[in-house]
Protein chains: 2
Amino acid sequence: MTEAPAHDRGTRSREAILDTATDLMSRHGYAATSISMISAACGLPASSIYWHFGSKDGIYVAVLQRARITLETALPSIDVPGADVAQRLDSFLEALTVVFQRHPHGTKLLLGLSMLQQSASAEAVAELHRYRDTLMAWARGALSRVFDLGDRPEVSEELARFTLRTASGTAVARWFEPAASLDIEPLRVALRALAAHRSGVPAGKTPRVGHP
Amino acid sequence: MTEAPAHDRGTRSREAILDTATDLMSRHGYAATSISMISAACGLPASSIYWHFGSKDGIYVAVLQRARITLETALPSIDVPGADVAQRLDSFLEALTVVFQRHPHGTKLLLGLSMLQQSASAEAVAELHRYRDTLMAWARGALSRVFDLGDRPEVSEELARFTLRTASGTAVARWFEPAASLDIEPLRVALRALAAHRSGVPAGKTPRVGHP
DNA sequence: GTCTATAGAGGGATAGAC
DNA sequence: GTCTATCCCTCTATAGAC
């Protein structure tokens with residue numbers, strides 16, 4: 001154990017730092033997480049952290065990047081199984097639940113860190129967008145299969161956006177009730193109704209919204 | 001102007017501090033907002049800020065409290081006008097849009113600051129919950145009127161929860177696209193479908209959700 | 001109530017031995 | 001790659017004159 005290839009030592013340390021940084025930053029937010037907190041929690045001195053990542057912002061970018069890559073390899077196939085719409089919708093919602101539960105970092109990071117605004121570096125903002133785009137692309141593709149929307153990409157887009165907003169809103173709700181789950185049932189009803197609505201209404205016959 | 005009643009001077013300063021603190025904290029988050037930033041932005045020295053609020057946490061609590069009170073007095077009547085369901089739903093969604101656009105502090109604060117977790121004081125957490133409860137109570141009451149759900153409080157509750165989660169999700173989405181609006185249309189369709197679903201299904205006939 | 005000045009702690013980041 | 005030690009800065013909070 002102790003004579004592990006010296007080559008791996010650095011890699012292991014790097015991962016350990018990323019683990020603790022992911023945990024702390026998703027719980028406290030970027031600004032409230034200090035290098036010394038990370039150092040104390042993972043056992044490595046601050047200088048090692050700087051050697052690996054160069055700056056606090058560098059850690060943040062690396063954390064986001066790794067989270068996205070993990071998410072990408074973990075996302076179930078877009079080829080949602082199921083014979084009819086109901087079955088495919090079930091499959092999709094089940095996959096969504098799994099993603100939501102197994103990868104809370106993503107949503108938490110988007111929440112807890114996204115308010116950097118001006119303070120965030122360009123790379124950090126880019127990584128944040130990449131993470132969101134990954135989720136959107138998956139949801140769009142999967143929902144297109146579920147409702148067979150190959151010829152109506154704008155409907156898939158709307159359904160995906162709606163789904164992600166519901167998921168984000170649930171992540172927010174979790175702060176108040178940590179046990180809050182994704183509430184699959186209303187989402188199922190809403191998605192079916194929305195898909196039906198958009199199929200029946202040939203795009204354009206949108207009832208007035210009422211913006212004086 | 002300069003000879004304003006000396007009595008008001010303190011009150012005015014207090015309000016000025018709260019204004020800038022609300023702005024800065026909702027943009028950068030609690031941790032990333034420093035006393036010196038507030039001091040520089042509002043022109044008063046740090047010691048005045050401490051004289052008024054005692055601590056940084058005290059500012060946060062006061063900011064939340066004032067935001068909630070402002071919201072409460074601004075919330076439209078729960079007595080949603082309209083002859084039929086469609087009209088009342090329109091009224092409700094319009095009111096929701098106004099609240100969402102005119103009081104972005106609330107959602108932003110819930111987002112930007114809610115990740116305090118352990119670091120937050122008990123009072124801060126209490127205020128945060130009070131803010132959320134205010135919104136929930138309003139949405140619950142209004143939706144009960146819209147769909148005439150006086151005898152089914154659990155349905156009003158579900159609809160309100162769904163509505164607030166959508167709104168929260170939209171607030172999150174705004175970070176990526178600052179112009180993102182509330183997407184009234186899908187919400188309308190979803191709420192109608194949900195209400196109809198719950199009216200037709202006598203509570204209990206919930207299709208399996210699929211948790212192995 | 002508002003100011004100047006400052007204490008005391010902790011932040012991010014680096015130097016240089018090993 | 002990892003360590004100890006440290007620089008410099010900003011932070012929260014307070015003291016005390018006005």
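A residue is near a molecule or strand if one of its heavy atoms lies within 4 Å of it, and in this predicted model that cut-off picks out the surface described in the first views.

**View 1. The protein surface near DNA strand C draws on helices of chains A and B.** In this view, 17 residues surround DNA strand C, and the closest are I35(A), S36(A), Y50(A), S13(B) and P45(B). At least two residues each come from α2 (35-42) and α3 (46-53) of chain A, and likewise from α1 (6-28) and α3 (46-53) of chain B. Among the contributors, α3(B) gives the most to this surface, with 4 residues. Sorted by character, the residues of the surface divide into 5 nonpolar, 10 polar and 2 charged.

**View 2. Residues of chain A lie beside phosphate oxygens of DNA strand C.** The side chain of S36(A) places a polar atom 2.8 Å from a phosphate oxygen of the strand, while an N or O atom in the side chain of Y50(A) is 3.0 Å from a phosphate oxygen. For K56(A), by contrast, the atom concerned is a backbone N or O, which lies 2.9 Å from a phosphate oxygen of DNA strand C. Of the strand's atoms within 4 Å of the protein, 66% belong to sugar or phosphate, and the rest belong to bases.

**View 3. F92(A) is part of the largest nonpolar core.** This core holds 74 residues, of which F92(A), L191(A), F92(B) and L191(B) touch the most other members. When neighbours within four places in sequence are left aside, F92(A) is in contact with V80(A), W138(A), A139(A), A142(A), L143(A), V146(A), T163(A) and L191(A).

How values were computed. Residues numbered from 1 in each chain as written. Chains lettered and ligands numbered in written order. Predicted model: local features only at pLDDT ≥ 70, side-chain atom pairs only at ≥ 80, totals over all residues. Heavy atoms only, no water. Polar contact = N/O pair within 3.5 Å; in protein donor to acceptor, adjacent residues only side chain to side chain. Nonpolar A, V, L, I, M, F, W, Y, C, P; charged D, E, K, R; others polar. Core = buried A, V, L, I, M, F, W, Y, C linked by side-chain atoms within 4.5 Å. Buried < 20%, exposed > 50% of the residue type's maximum accessible area, 1.4 Å probe, protein only. Contact = heavy atoms within 4.5 Å.
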